[in-house]
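Work through the exercises below with the sequence and the coordinates open. Each task is followed by a solution in steps.

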Amino acid sequence: MRVFALVTVCVALGAASTGAGSANRTRVARCPDTGDRTTKLTLIERLRRSPGLLIVGSSRARLAAPAFLQTLTGRTGFNAAVTGGTAADAWVMTRFTAESWPRRRRGYLLFVDAGIATNGVPPPLAADPRARRYLDGDGGHLSLGCRVSSRYRADGSIAHYYPKSRGERARIVAKSVAAAIASIRAHPPQPEKVDPTRYTYFERTIAFMNRQGDRPVIVLNPIHPQVLAELEKYGFPRRKAAHEYFDRLRQRIDFVVVDCEDIRVWGGSADEFSNATHIDPVNMRRMLRYVVSNSAGALG
């Protein structure tokens, strides 16, 4: 996948999954993802048993707690979502987990935005030798100072979540929503020409899951209702293109799509966002209940 991530919802929401170009082939000293990829790969190595459910995506998926999903599905899990997660991240995490426990079936949750996928391999991913063998030389060879972080539990979930006060959070959300709407109005969404290479890692990942006998569930990330309303004024061409792409892709590979962009569908609250693009744990739990109940049995 050249996402997950998982990715852009619109002009204003596309920062989550930036592609990596020629900069990928330079030597970088700092670790731009605060150690997320190094940490998640290390935690997968340390797991004592195969996870029955693997979660992949960007920072928007990091609050999907495996322990909570276990109460809904009966499956143990691991959250492999990372900062700025892309399709290449999903491919690597999927392959690394499968090779750690060969011939084990599992469920998959792939969180993506309406853009589905982006080109490029993030520098911190290409820098890790455990990931590099799955990337066919994409992303170059880097040297980054990434270290294992203590911010995650053994199952990949966030260990310490410190929410801001409701008043402060409301100010952050209002400011980020206003900026997103201003950006949409300044650059109205237009129909996009599809570049097949953009989906290489995305399709490769789902096809691999199918070969393992698994049917992944793709979740379209929620959008703050005010931002969604603005996008819909312009017809939200990216969402239309996403569903058309999924319809074509179903002719070749098997998966389930659960569209959670409109929070009204799953009972979400506009008050439970951390900013214009991220929901908080309360909304996440509500959304996960909806996802599991609408996964056509793919999650157990």
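**Exercise 1. Place the central strand in its sheet.**

Task: find which residue stands opposite Leu110 in β3, and then work outwards to the order of the sheet.

Solution. Start from the register: Val56 is the residue opposite Leu110 of β3. Helices (H or I, at least four residues) and strands (E, at least two) are DSSP runs, numbered from the N terminus. The model is predicted, so local features need pLDDT of at least 70 and side-chain atom pairs count only at pLDDT 80 or more, while totals for chains, interfaces and linings use all residues. Residues are numbered from 1 along each chain as its sequence is written, and side-chain values use heavy atoms, with hydrogens and water left out.

Next, take the pairings; two strands pair if DSSP finds at least two bridges between them. Strand β1 (residues 53–56) runs parallel to β3, with 4 bridges. Strand β4 (residues 217–220) is also joined to β3 in the parallel sense, over 4 bridges. Two of the bridge partners in β4 can be named: Val219 for Phe111 and Leu220 for Val112.

Finally, assemble the sheet. It is open, has 5 strands in the order β2-β1-β3-β4-β5, and its pairing is parallel. At the edges are β2 and β5 (256–259), each of which pairs on one side only. Direction ignored, neighbouring strands are turned by 15° against each other on average. Helix α7 (residues 200–211) packs on this sheet and touches β3 and β4; its direction makes about 165° with that of β3. Angles run from 0 to 180 degrees between N-to-C directions, and axes are lines fitted to C-alpha atoms, for helices over the stretch in contact.

**Exercise 2. Assess the burial of β3.**

Task: how many residues of strand β3 (residues 107–112) are buried, and which lie on each side?

Solution. Apply the cut-offs: buried means under 20% relative accessible area, exposed over 50%, and partly exposed in between (1.4 Å probe, protein chains only). By this criterion 6 of the 6 residues of β3 are buried. Then split them by face. In a regular strand the side chains alternate between the two faces of the sheet. One side of β3 carries Gly107, Leu109 and Phe111, the other Tyr108, Leu110 and Val112, and all are buried.

**Exercise 3. Describe the contact of two helices.**

Task: at what angle do the axes of α2 and α10 cross, and which residues meet?

Solution. The axes of helix α2 (residues 66–73) and helix α10 (residues 281–293) come within 10 Å and cross at roughly 35°. The crossing is right-handed, that is, the near helix is turned clockwise from the far one by less than a right angle (anticlockwise would be left-handed). Contact means heavy atoms within 4.5 Å. From α2 come Phe68, Leu69, Leu72 and Thr73; from α10 come Arg285, Leu288, Arg289 and Val292. These residues divide into 5 nonpolar, 1 polar and 2 charged. Here Ala, Val, Leu, Ile, Met, Phe, Trp, Tyr, Cys and Pro count as nonpolar, Asp, Glu, Lys and Arg as charged, and the others, Gly among them, as polar.

**Exercise 4. Compare two residues with positive phi.**

Task: where are Ile116 and Ala296, and is each buried or exposed?

Solution. Most residues other than glycine have a negative phi. Ile116 has a positive phi of about 70°. Ile116 sits in the loop between β3 and α4 (123–127) and is buried, at 0% relative accessibility. Phi of Ala296 is near 55°. Ala296 belongs to the segment after α10 and is exposed, at 56%.

**Exercise 5. Trace the surroundings of Arg95.**

Task: which residues is Arg95 in contact with, leaving aside its neighbours within four places in sequence?

Solution. First locate Arg95, in helix α3. With those neighbours left aside, its contacts are Tyr134 and Phe208. Then turn to polar contacts, which are pairs of N or O atoms within 3.5 Å; within protein, one must be able to donate a hydrogen and the other to accept it, and residues adjacent in sequence count only if both atoms are side-chain atoms. The side chains of Arg95 and Glu99 form such a contact at 2.8 Å. Last, the C-alpha atoms of Arg95 and Met209 are separated by 9.1 Å, with the two residues 114 apart along the chain.
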